[in-house]
Amino acid sequence: MSRLKKCAAVAIVLLLFAQRAAAEQLPVVASFSILADLVRVVGGERVSVTALVGPDADAHAFDPTPQDAKRLARARLVVVNGLGFEGWQQRLVQAAAYRGEVVVASSGVRPRGHAHEGEHEGGHDHGHLDPHAWQDPRNVIIYTANIAAALARADPDGATVYRANAARYQQALRELDAWAASRFAAIPVQQRRAVTAHAAFDYLAARYGLRLTALQALSTHSEPGARAMGELVRRLRADGTVPVFAENLHNARLLRQLAGEAGLTIGGKLYSDALSGARGPAPTYLALMRYNVDQLARGMQGK
Ligand code: ZN
């Protein structure tokens, strides 16, 4: 065989391998972008992941389309957050006639109660649980263990790979947690205060001893009424300088109004329930957490 033919033969074999690998990837659907990132990390090359609610989009106010039902029907595994986050999940699973496993990534997490109910746009009922458990990196260790176990059930040949990927990532999560803890520990307790757009950061606040006030925790409606706004403005004025943060999901109009009336300025933007796009500062969960912690810490230190 000539050298050229040999090369061609090798190339064809490689191509066939690549095609086979692509064809055999486990199709997984995750409910939102943060969860999709976790599945991608744990699944590695063996899985192909689709997020129903993509970057910078609001999973609370999601309205599934027939296209989403088709994506679900093709999936071998569906991963959701749970804790009432995906109010639309059951409807979609039924519409898609999906019969595979629906993994609840937050299973085993100690849930925090919701300080407020139904404050989200669209009036989704959260029940009494706060769904934003991923804001505490220690909870994400549990998320990734659940994801690894579910992937291993769906694809037993990959079990060792999933466990190893999860273990490696869990080490990164522990380092993230230690870094965040030391970052906030450097700030005096009475200075660890901020105002956020919606009450998505309670798990973060509880973990690192922060006092966060959410604009949309004031009312059971999507926007607080004039009286509640007035009360918050008075409280913030009395409290002195508190950094105010917008969010990647929400319109900042009301937040600007609040900040203006209280004589405060909006310090920056936090990524709460969705990653940023690839070019943004929070394209992965780890990047999101580092960015949010850094933004909050700088704001609290007046930097
Ligand atoms: Zn939320």
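Mentor: A strand is a DSSP run of E with at least two residues, a helix is one of H or I with at least four, and both are numbered from the N terminus. Pro 27 is placed in strand 1 (residues 26-32). The model is a predicted one, in which local features need pLDDT of at least 70, side-chain atom pairs count only at pLDDT 80 or more, and totals for chains, interfaces and linings use all residues. Residues are numbered from 1 along each chain as its sequence is written, and side-chain values use heavy atoms, leaving out hydrogens and water.

Trainee: Why is Pro 27 called partly exposed?

Mentor: Buried means under 20% relative accessible area and exposed over 50%, with partly exposed in between (1.4 Å probe, protein chains only). Pro 27 has 26% relative accessibility, so it counts as partly exposed.

Trainee: Which residues does Pro 27 touch, leaving aside those up to four places away in sequence?

Mentor: They are Ser 48, Arg 74, Ala 75, Arg 76 and Leu 77, where contact means heavy atoms within 4.5 Å. Arg 76 is 49 residues from Pro 27 in sequence, yet their C-alpha atoms are 5.6 Å apart.

Trainee: What makes His 60, His 132, His 198 and Asp 273 ligands of the zinc ion?

Mentor: A donor is an N, O or S atom within 2.8 Å of the metal (3.2 Å for Na, K and Ca); as water is not among the atoms, sites may look incomplete. The NE2 atoms of the three histidines and an OD atom of Asp 273 coordinate the zinc ion at 1.9 to 2.2 Å.

Trainee: Why is the zinc site called tetrahedral?

Mentor: Four donors count as tetrahedral if all angles lie between 85 and 135 degrees. The angles among the 4 donor atoms here are 88 to 127°, and the site is tetrahedral. His 132 is in the loop between strand 6 (129-130) and helix 5 (137-154), and Asp 273 in the loop between strand 10 (266-270) and helix 10 (285-300), so this pair ties together parts 141 residues apart in sequence.

Trainee: How do you know that His 132 is buried, and Asp 273 likewise?

Mentor: His 132 has a relative accessibility of 0% and therefore counts as buried. Asp 273, with a relative accessible area of 1%, is buried.

Trainee: Why are helix 3 and helix 4 called roughly perpendicular?

Mentor: Axes are lines fitted to C-alpha atoms, for helices over the stretch in contact, and angles run from 0 to 180 degrees between N-to-C directions. Angles under 35 degrees count as roughly parallel, over 145 as roughly antiparallel, 65 to 115 as roughly perpendicular and the rest as oblique. The axes of helix 3 (residues 66-74) and helix 4 (residues 89-96) cross at roughly 70° and come within 8 Å; the two helices are therefore roughly perpendicular. Asp 68, Ala 69, Leu 72 and Ala 73 of helix 3 meet Leu 92, Val 93, Ala 95 and Ala 96 of helix 4.

Trainee: What makes helix 8 oblique to helix 9?

Mentor: Helix 8 (residues 226-239) packs on helix 9 (residues 253-262) at about 50°, with axes 9 Å apart. That angle makes helix 8 oblique to helix 9. Met 229, Leu 232, Val 233, Leu 236 and Arg 237 of helix 8 make the contact with Leu 254, Gln 257, Leu 258, Glu 261 and Ala 262 of helix 9.

Definitions and conventions: Tetrahedral: all angles 85-135°; square planar, octahedral: opposite > 155°, others 65-115°.
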